Structures are given as structure tokens and as C-alpha cells.
Amino acid sequence: MCGIIGVVASTPVNQLIYDGLMVLQHRGQDAAGIATARGSMFHLHKGPGLVRDVFRTRNMRALPGNWGIGHVRYPTAGSAINFSEAQPFYVNSPFGIMLGHNGNLTNTAQLQEQMFRLDRRHINTHSDSEVLLNVFAHELYAAASGYELDVDSVFQAVAGVHRRCRGAYAVVAMISGYGLLAFRDPYGIRPLVFGRNKIPDGYEYIVASESVALDTLGFEIVRDVEPGEAVFIDLESKLHTRQCAQQPMYSSCIFEYVYLARPDSVIDGVSVYETRLRMGESLARKVARQLPPGEVDVVIPIPDSSRPAAMQLAHVLGIPYREGFVKNRYIGRTFIMPGQATRKKSVRQKLNTVSEEFRGKSVLLVDDSIVRGTTSREIVEMARAAGAHKVFFASAAPPVRFPNVYGIDMPTRSELIASGRSELEIMREIGADALIFQDLEDLKASVHAFNPQLTGFDASCFDGQYVSGDISPEYLDEIETSRNTAPEPDHVDDDDSHQMALNLPSG
């Protein structure tokens with residue numbers, strides 16, 4: 001779950017990309033990077049931390065040019081917070097290429113072997129994004145006529161990536177002297193949208209992980225990039241698109257709608273906010289079947305992403321809705337924090353109760369999902385400590401029983417509270433008096449209702465069905481092992497030591 005953005009404009013893009021990354025910050029808090037181009041030079045600055053901490057005025061001044069890309073990152077599948085893996089990544093052979101990637105390749109090990117044995121390309125980090133970059137660079141060389149590129153060659157290279165790479169990937173890339181490229185895996189697992197802004201002599205273009213970046217920057221949404229499709233904007237700001245996959249199909253990640261995306265985003269033509277309201281309606285019907293009438297005094301959301309579902313649930317059931325938790329917005333999202341101890345400590349720092357809303361009441365807490373259960377257990381304890389008579393818990397998503405291998409940080413079965421447990425056992429683990437989960441078919445229907453073309457989803461963390469078709473028990477074992485043996489994060493001594501700025505020749 002990283003965030004990517006690319007812009008081709010008529011004026012300097014450094015501030016546009018920075019502002020876009022700020023509204024995509026929820027997609028990654030560990031590292032940020034921006035690359036721009038002017039003339040024959042790429043300009044890059046990246047480092048660990050939030051966008052506001054990585055970039056200073058001096059860094060922005062060192063990012064000239066009217067086109068560029070940006071990235072916010074959090075690590076997956078056991079990789080530590082490692083400065084060397086901050087994106088974008090760069091290669092200079094055979095063409096200067098900068099690339100940022102959101103997702104996770106599931107055949108990284110095989111591709112690394114191919115890179116070394118057949119393609120004779122060197123991989124310098126443990127990042128699958130660097131592998132993807134080198135696959136694309138190799139395919140671009142194979143498709144080019146000598147050292148000359150055209151649009152057909154670029155699209156042929158993307159088709160080559162689709163043939164070789166498995167898993168989830170939404171990509172933005174800069175090709176020196178040619179233009180900006182964006183493409184999406186053949187299943188469309190990770191989101192990608194593009195838009196434009198009318199100027200006197202044509203259009204400026206933008207691609208981003210979520211439509212909220214386009215809204216914020218004043219761009220008109222054109223549409224989502226289709227699964228398997230590539231979008232190329234040349235340096236004359238001409239737009240080219242082509243389907244590059246042989247059998248593309250929509251299987252977008254349903255967890256984007258549950259938790260990952262901002263509620264004001266639109267993904268694959270579907271409003272995230274509207275789907276969360278619909279999730280609340282279906283969850284309300286299930287609550288009504290499982291809890292006696294009059295049992296609940298008040299509905300309280302776990303801020304922030306569960307609010308729409310909780311409000312609609314309360315409305316449907318005719319139960320008062322109250323804000324019982326106050327959130328400290330200067331604490332990071334607990335779902336993507338490394339380590340159980342860090343997550344547990346941060347819950348108390350992040351949330352505080354409004355005791356009046358709990359004292360002597362039977363409360364129904366509504367959260368977007370229950371993944372590890374650490375947060376849920378702490379919140380139930382907080383509600384009881386605030387004086388709640390009974391604490392019921394409802395999840396707008398089904399139980400998360402399986403690892404996600406497509407770019408969300410829930411890779412090990414041992415960390416998932418629902419793995420190998422019944423709903424009754426989960427209820428006891430978090431200490432609730434009752435526990436109600438959304439049904440998977442109702443969750444899918446909540447999204448499908450707003451775009452009937454979306455008939456398939458990646459819901460692998462709920463049902464264990466992996467759309468890429470290449471996930472075996474042995475693969476899951478390998479991921480779990482790599483996570484358990486991951487190295488410690490890079491140590492940072494002072495404010496400047498985690499920052500890097502490179503002026504790179506782009507050809």
C-alpha cells in the first residue's frame with residue numbers, strides 16, 4: 001500500500017507533486033521521494049519519514065522541471081524501514097528510467113534469478129520494485145530499435161512486464177527524453193487513475209493512486225487506468241493509451257474500500273464513501289438479527305475510517321450515534337506500524353475516551369476491520385474502563401483469516417487473530433460481549449452496487465483465493481520466515497542524515 005503520482009505540466013511540477021504526496025500520505029508513512037527532469041538531467045530527492053519531514057525548501061529548489069513522479073512508501077512482506085529502498089528507483093541502461101511502484105510482486109525470487117542469469121542486470125536492494133524496474137528496462141531494450149524509442153516500443157515493453165511479472169503493481173515511470181508512463185497489472189489489484197487540466201495550448205496530465213490527489217490539485221478526472229492498460233504522455237503532452245495484457249480482468253482489492261483509501265476518493269468509478277455507507281446498511285441488518293432489540297444504547301465508531309459505516313448503521317437501526325473516542329492525529333496509523341509492542345503502545349496514545357458516552361451504557365463499537373486484534377482488545381478495555389455496562393463490537397469487514405500478498409502489511413498467519421479461530425473465539429480474545437462481522441457477499445455487493453462492471457475482487461485476505469493463481473502454502477511459509485528474520489531498520493542520528501539528493505544524468 002504505497003502511494004504514487006506522476007505529472008506532466010507546462011510549469012514546474014515539484015510543488016504539485018509534493019502537494020499530491022501530502023494527500024496520499026495515508027498510503028505510506030515510512031519514506032517519500034520525488035524525481036523531476038529538466039533537459040538531460042534527472043533530479044531526485046528521497047528519504048525515510050513523512051513527506052513534510054523529507055523535503056525542505058532547499059530540496060524543493062533542487063527539483064526543477066515540468067514533469068516528474070513521486071512516491072510514499074511503507075514496507076511489506078518483512079522488509080524493514082530501509083533508506084536504500086525509498087523510491088523512486090533509477091537505472092541508466094539502456095535508457096534513463098525513474099520508477100515508483102505500488103503493490104507487491106509474487107515471483108520476485110524467480111525474477112531476481114533471471115536478472116542475474118539471463119538479463120545480466122544487477123539488483124542492489126531487497127525491493128521488488130527495483131526488480132520490476134530492471135524487468136521493464138530489459139524489456140524496453142528488447143523492444144527498441146537500437147537506442148531509439150517510439151510509443152509502440154514502450155507499450156511492447158509493458159506487455160513484456162505483464163508476461164514476466166506476477167502479483168500486484170501500479171507503476172509510474174519517467175523515460176528520459178521520451179515521457180511519463182503509467183501502467184497497472186492485468187488484474188487491476190492496486191488502484192490508478194489519470195486526469196488532465198486544460199491549458200491554452202492543450203492539456204497537462206496527472207496519474208495517481210487515488211482521485212483525491214487530482215481533486216486537490218485541480219485536475220479533471222478522465223478515468224481509471226484499466227487493468228493491464230498503459231498510459232503514456234510524451235514530452236509534447238500528447239496522450240497515448242493501449243491495452244498491453246492478453247487477458248485483463250477486474251479484480252481490484254476490496255480492502256481499498258474497507259480501509260486503505262481515503263473516503264473522498266473514487267476508485268474504479270466507485271465512491272469509497274458511498275461503499276462505506278452501504279457497508280453500514282448491510283452490517284445493520286446483521287446486527288439486528290444477532291442482537292435483541294433494545295440491547296444497544298449507543299453506536300460509537302473507532303475513528304476514522306469506520307465513521308461512515310457506523311453512522312449508517314445507527315441510522316438504519318434507529319440507535320443514537322455518538323463520538324466516544326477522541327483521536328490524536330499526530331500518531332501514525334496503527335495498522336501499518338511495525339511490531340506488536342509499538343502498535344499496542346500507540347493505541348492508548350492515539351485514542352482517548354469521552355467517559356460520558358460510555359458510563360452505564362451498552363455500547364456497540366464499530367470498526368472497519370479486525371486484523372491482528374491488538375487495537376480491538378485495547379479499545380474494548382478502554383470502553384469498559386470508561387464505565388460501559390456492555391461492549392459489543394461490529395466489523396464492517398469479514399474476518400481477516402489469510403495473508404495478503406499483494407502489497408498490504410498483513411503477511412503472516414500467526415499475526416491474524418481470525419486465523420484458525422472461530423468468531424466466538426475471536427470475541428473472547430478481544431473481550432467483547434458480542435461480535436458481529438460483515439458477510440463477504442454483502443461487502444462485495446456494497447461495491448458492486450455502484451459499478452456493475454466490477455464483478456470480481458481480490459478478497460484474498462478474507463477467502464484465501466489469490467487471483468494471480470501462483471500462491472502456494474510454501475510461498476506463504478517463505479514470506480512468514482522472511483518477516484520473522486527481517487533486519488532492524490536503518491538508524492538515523494540527526495535530521496539531515498536520512499536525506500539524499502542526487503542529480504542524475506538521464507541518458
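Visitor: What makes helix α13 a neighbour of β21 and β22?

Guide: Helix α13 (residues 423-430) lies across β21 and β22, where contact means heavy atoms within 4.5 Å. Its direction runs at about 125° to β22; axes are lines fitted to C-alpha atoms, for helices over the stretch in contact, and angles run from 0 to 180 degrees between N-to-C directions. This is a predicted model, with local features needing pLDDT of at least 70 and side-chain atom pairs pLDDT 80 or more, while totals for chains, interfaces and linings use all residues. Residues are numbered from 1 along each chain as its sequence is written, and side-chain values use heavy atoms, leaving out hydrogens and water.

Visitor: How do you know that β17 pairs with β20?

Guide: Two strands pair if DSSP finds at least two bridges between them. Four bridges join β17 to β20 (residues 362-367), so the pair meets that definition. In this parallel pairing, V299 stands opposite L364.

Visitor: Why do β17 and β22 count as edges of the sheet?

Guide: The open sheet has the order β17-β20-β21-β22. β17 (298-301) and β22 (434-437) each have a single partner strand, so one side of each lacks a neighbour in the sheet.

Visitor: Why is α5 called oblique to α6?

Guide: The axes of α5 (residues 128-143) and α6 (residues 151-164) cross at roughly 130°. Angles under 35 degrees count as roughly parallel, over 145 as roughly antiparallel, 65 to 115 as roughly perpendicular and the rest as oblique. That makes α5 oblique to α6.

Technical notes: Helix = DSSP H or I, 4+ residues; strand = E, 2+ residues; numbered from the N terminus.
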